Amino acid sequence: MELEAAEFEVNFTRKFIVKASNPLVKPHILTLSNLDLLSGRFPVTYFYFYPSKPHANFNITESLNSSLAKTLNSYYPFAGKIVLNPSTNEPEIMCDNSGALVLEAQANIRLNTLNFYDLDQSLRGNKLVSIYPDIPLQIQVTYYTCGGVSITFTFDHALGDASSFGKFLLSWSEMARNKSMSCVPDHRRSLRISARNPPRYHSSLDHSFVKCTMEEIMNIPTAKTLVKRLYFIENSSIDQLQSQACRNGKKRTKIEAVSAYVWKTMVKANIGTSTNKSHNAVCKMGWLVDGRSRLHKRDYDPNTNMSNYIGNVLSLAFGEASVNDLKKGSISDVANMVREAISKIVLGQGGVPALVLSSGRMFPVAELDFGFGSPVLGTVCSTIEKIGVAYMNQRPSAKGDGSWTMSCILWPELAAALESDSIFQPMTADHLQLQS
């Protein structure tokens, strides 16, 4: 039985600053790319949960610190600090091996009593994650009374995007198991993603991009408070939606099929709708897209493979459809709209989507074994109270059977509509096979 938030307490026991053990470069400034600057600066937190450790004499915190120090040799920007350029007033990374912060804590509950579904409750009071704005990389290792462990990894978005963080975490886990790193990180931001020279300007840019601060995002007026929820989706449900989306001989991906289902559910719940210039009721949905493969295809140069590039290469694709078409259309019809939208990346044009979905199908989950076994859950959740839009983040479940976890920030009505069906199941300890 899940405990009330007031009964869930965490006592912080130790704090460490972990630096690269053998830095490969001298201290220097790493200038951020335009895509880094567009992504902004805010914390991105990943949550991983591990069952009871197998060996009582295995010190998890010390092992993590030791392997982290080795990993930071190659991922040296992650051990730096973010500073403002005095000339441009723009952030840049000072690669000076200031170090990453590691916090150790003890919870007063068993891991299987944690509320995995209601993330608002679990994140309340900075118990599972504490944010120190001046340190770009922060880790919290929390021990539970049953012997289980949770590890939260918090990155400043200036360090990179999900692909970058996934590469870092996988490399760290490989170092922890005394394996060679499968990724040689590429930190050449100025060479890989540089501004046009000479620069080119078009008036449409004024409509495509709007400068805003984190304070402005936090104060965006919303009709209702969004809720943070974690769901489990069985592989059979995903396969069924994909089968419906692939009717008439059209091949559609699993993420396109589930996106179609979510889009239809939004209008069914009368959520996220607006009127366009023709005064027709419409609903917009967006997708975060990793641009690495698209930039590589554009260059036609085998030496420009960006798969190991560390930095931000995210773009936003979005689709707009009439409420009537979304209501009447089949999953296959709406999946076609999703496919067309994702194929055309247009940053910011046409307004703000009501909900943005991000696919983390390539993000490591079960692979993150730091020497004491694989996790039962790996997911992401924003610690920011307001992010401007509703958001869904898909991850493969740690089961490895094709099932998913979905971390969501939603309107209460949309959460209720999704939960009225059997596809989006509120996450429980039973889904994670955590014994009571």
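Which residue's side chain meets that of R229 in a salt bridge? The partner is D120, with 3.5 Å from N to O, and point 1 takes up this pair; the model discussed throughout is a predicted one.

1. The salt bridge between R229 and D120 connects two elements, since R229 belongs to strand β9 and D120 to helix α3 (residues 119–123), so the pair ties together parts that are 109 residues apart in sequence. R229 has a relative accessible area of 14% and is therefore buried, whereas D120, with a relative accessible area of 26%, is partly exposed. The pair does not stand alone, for salt bridges with shared partners join D118, D120 and R229 into one network.

2. Across the whole structure, a search finds 11 salt bridges. One of them is formed by R14 and E104, whose closest N and O atoms are 2.9 Å apart; because R14 lies in strand β1 and E104 in strand β6, this pair ties together parts that are 90 residues apart in sequence. R14 counts as partly exposed, at 33% relative accessibility, while E104 is buried, with a relative accessible area of 10%.

3. Another salt bridge joins D36 to R189, and here the closest N and O atoms are 2.9 Å apart. D36 is part of helix α1 (residues 34–39) and R189 is part of helix α5 (residues 189–192), so the contact ties together parts that are 153 residues apart in sequence. Both D36 and R189 are buried.

4. Turning to the strands, an open sheet is formed by 6 strands in the order β1-β6-β7-β8-β3-β14, and its pairing is mixed. The edges are taken by β1 (10–18) and β14 (377–380), each of which has a single partner strand, so one side of each is left without a neighbour in the sheet. On average, and with direction ignored, neighbouring strands of this sheet are turned by 15 degrees against each other.

5. Within this sheet, strand β3 (residues 43–50) and strand β8 (residues 149–156) pair in the antiparallel sense over 8 bridges. A reader who wishes to locate the pairing may start from Y50, whose bridge partner in β8 is V149.

6. Which strands does helix α2 touch where it packs on the sheet? Helix α2 (residues 60–74) touches β1, β6 (100–107), β7 (137–143) and β8, and its direction makes about 160 degrees with that of β7. Helix α4 (residues 162–176), for its part, lies across β3, β7 and β8 and runs at about 135 degrees to β8.

7. A residue of helix α2 that can be followed in detail is N65. With a relative accessible area of 13%, N65 is buried, the threshold for that term being under 20%. When residues up to four places away in sequence are not counted, N65 touches F16, V18 and V102.

8. Strand β16 (residues 404–410) is mostly covered, in that 7 of its 7 residues are buried. This holds for both faces, with W404, M406, C408 and L410 buried on one side and T405, S407 and I409 buried on the other. Strand β9 (residues 227–233), which contains the R229 of point 1, pairs with β16 in the antiparallel sense over 7 bridges, and V227 stands opposite L410 in β16. Strand β15 (residues 390–396) also runs antiparallel to β16 and is joined to β16 by 6 bridges, with Y391 opposite I409.

9. Is A257, in helix α9 (residues 254–268), buried or exposed? Its relative accessibility is 0%, so A257 counts as buried. Leaving aside neighbours within four places in sequence, A257 is in contact with L241, Q242, A245 and I331. The C-alpha atom of A257 is also separated by 7.8 Å from that of Q244, a residue 13 places apart from A257 along the chain.

10. The contact of A257 with I331 leads to helix α12, which covers residues 331–342. At 1.5 Å a residue, the 12 residues of this helix should span 16 Å, and because its end C-alpha atoms are 16 Å apart, the model agrees with that expectation. The buried residues of α12 are I331, S332, V334, A335, N336, V338, A341 and I342.

Methods:
Residues numbered from 1 in each chain as written. Predicted model: local features only at pLDDT ≥ 70, side-chain atom pairs only at ≥ 80, totals over all residues. Heavy atoms only, no water. Helix = DSSP H or I, 4+ residues; strand = E, 2+ residues; numbered from the N terminus. Expected span 1.5 Å × (residues − 1). Buried < 20%, exposed > 50% of the residue type's maximum accessible area, 1.4 Å probe, protein only. Pairing = 2+ DSSP bridges. Axes fitted to C-alpha atoms, helices over the stretch in contact; angles between N-to-C directions. Contact = heavy atoms within 4.5 Å. Salt bridge = Lys/Arg side-chain N within 4 Å of Asp/Glu carboxyl O.
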